[in-house]
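Here is a structure to be discussed by asking how each label attached to it is earned.

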Amino acid sequence: SGFESYNWFNDFRLDTAGRKLSVNLDHFRFTNEDDIDYSGVSINIDPATEEWVAGRNINNRKIQNYSAALDLSYPCELANFEIGVKYTSTNSYNDISNFNSGVVPEPVTEFPLISYVFEYHEAVSAAYLSASRALSEKMEAQIGLRVEATQTDATDSSTGETLENNYVTLFPTAFLSYNIDEHSSARFSASRRIRRPNFRQLNPNRDYTNPYQAIAGNPLLQPSFITNVELGYNYKGLDSKLYFSYTSNGFEQLAKADPETSFILFQDENYFEA
């Protein structure tokens with residue numbers, strides 16, 4: 001594997017009141033090549049029969065990420081403001097060549113490889129604003145809003161198709177804390193967040209683990225969204241909470257079995273809300 005990571009970060013103090021501008025630049029690059037094969041023989045004693053299996057996976061992966069963020073901290077009499085923008089660009093590439101013999105009556109001597117290429121690009125532009133202030137000696141509040149614009153495109157060589165996504169989402173947050181006395185406090189929080197599928201979960205190229213099983217991604221997979229609301233109470237370090245969480249368009253890996261061939265494909269799907 002090859003791994004490179006570069007970061008440049010700097011705080012620029014604007015005045016003596018605590019106002020500052022932060023700049024964060026990142027570059028990440030990862031490459032990986034592997035060649036994995038398997039083989040075996042199945043022997044039946046009565047009646048005496050032999051069957052053979054063999055397979056091979058050659059994987060070439062490349063991932064490159066660029067990101068830039070600009071954050072402004074601006075405390076003032078009204079509230080402490082945090083304002084920021086961020087841009088992230090990710091390019092992922094996978095070239096896989098594989099062979100799966102299945103169960104055959106003769107020893108496997110040739111490995112005719114079939115190659116597939118999957119490319120995925122994701123760009124996320126985000127901006128946020130948050131404000132916090134003390135409402136009284138015992139109470140503090142914070143509210144915020146983040147907006148994200150996402151563009152993705154995925155190209156699959158096996159089908160020749162390019163799948164594109166373009167969507168804008170809002171993510172509000174709210175937090176309120178109250179110090180009841182020196183031993184106890186209460187809090188309330190609410191937020192919305194996103195869970196994006198990673199490259200492996202999107203990559204449709206099959207990776208055979210044995211003649212009966214393979215793992216593949218789903219290029220049609222969509223992000224899921226999670227809404228959380230929580231009430232909390234702390235007494236002398238003992239923390240209690242009551243919360244509600246709702247996930248829409250949830251995704252996880254499913255085992256899809258073919259009853260005729262006994263072949264199992266492990267693949268992520270958007271299949272639940274909870």
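The questions below take up a surface patch, a sheet and some backbone angles.

Q: What kind of model is this, and which pLDDT is needed for local features?
A: This is a predicted model, in which local features need pLDDT of at least 70 and side-chain atom pairs count only at pLDDT 80 or more, while totals for chains, interfaces and linings use all residues. Residues are numbered from 1 along each chain as its sequence is written, and side-chain values use heavy atoms, with hydrogens and water left out.

Q: What makes the nonpolar surface patch, and which residues belong to it?
A: A patch takes residues with over 30% relative accessible area and no salt bridge, and joins nonpolar side chains (Val, Leu, Ile, Met, Phe, Trp, Tyr) within 5 Å; a salt bridge would be a side-chain nitrogen of Lys or Arg within 4 Å of a carboxyl oxygen of Asp or Glu. Here Leu135, Leu176, Phe188, Val229, Leu231, Leu242, Phe244 and Tyr246 make a patch of about 710 Å². Two or more residues are given by each of β11 (224–235) and β12 (238–248), and the largest share, three residues, comes from β12. Such strands are DSSP runs of E with at least two residues, numbered from the N terminus.

Q: Why is Leu135 called partly exposed?
A: Buried means under 20% relative accessible area and exposed means over 50%, with partly exposed in between (1.4 Å probe, protein chains only). Leu135 has 48% relative accessibility and therefore counts as partly exposed; its place is in the loop between β5 (114–134) and β6 (139–156).

Q: Why are β9 and β13 said to stand at the edges of their sheet?
A: Two strands pair if DSSP finds at least two bridges between them, and four strands form an open sheet with mixed pairing in the order β9-β10-β14-β13. Because β9 (207–210) and β13 (250–257) each have a single partner strand, one side of each is left without a neighbour in the sheet.

Q: How do you know that β10 and β14 pair?
A: Strand β10 (residues 213–215) and strand β14 (residues 264–272) share three bridges in the parallel sense, set against the required at least two. The bridge partner of Ala214 in β14 is Leu265.

Q: What makes the peptide bond between Asp46 and Pro47 cis, and what is notable in phi of Asn249?
A: Most residues other than glycine have a negative phi, and most peptide bonds are trans. The bond joining Asp46 and Pro47 has omega of about 0 degrees and is cis, whereas phi of Asn249 is near 60 degrees, a positive value in a residue other than glycine.

Key: Patch = residues over 30% accessible without salt bridge, like charges linked within 9 Å, V, L, I, M, F, W, Y side chains within 5 Å. Areas by Shrake-Rupley, 256 points an atom, 1.4 Å probe, with all protein chains shown as cover.
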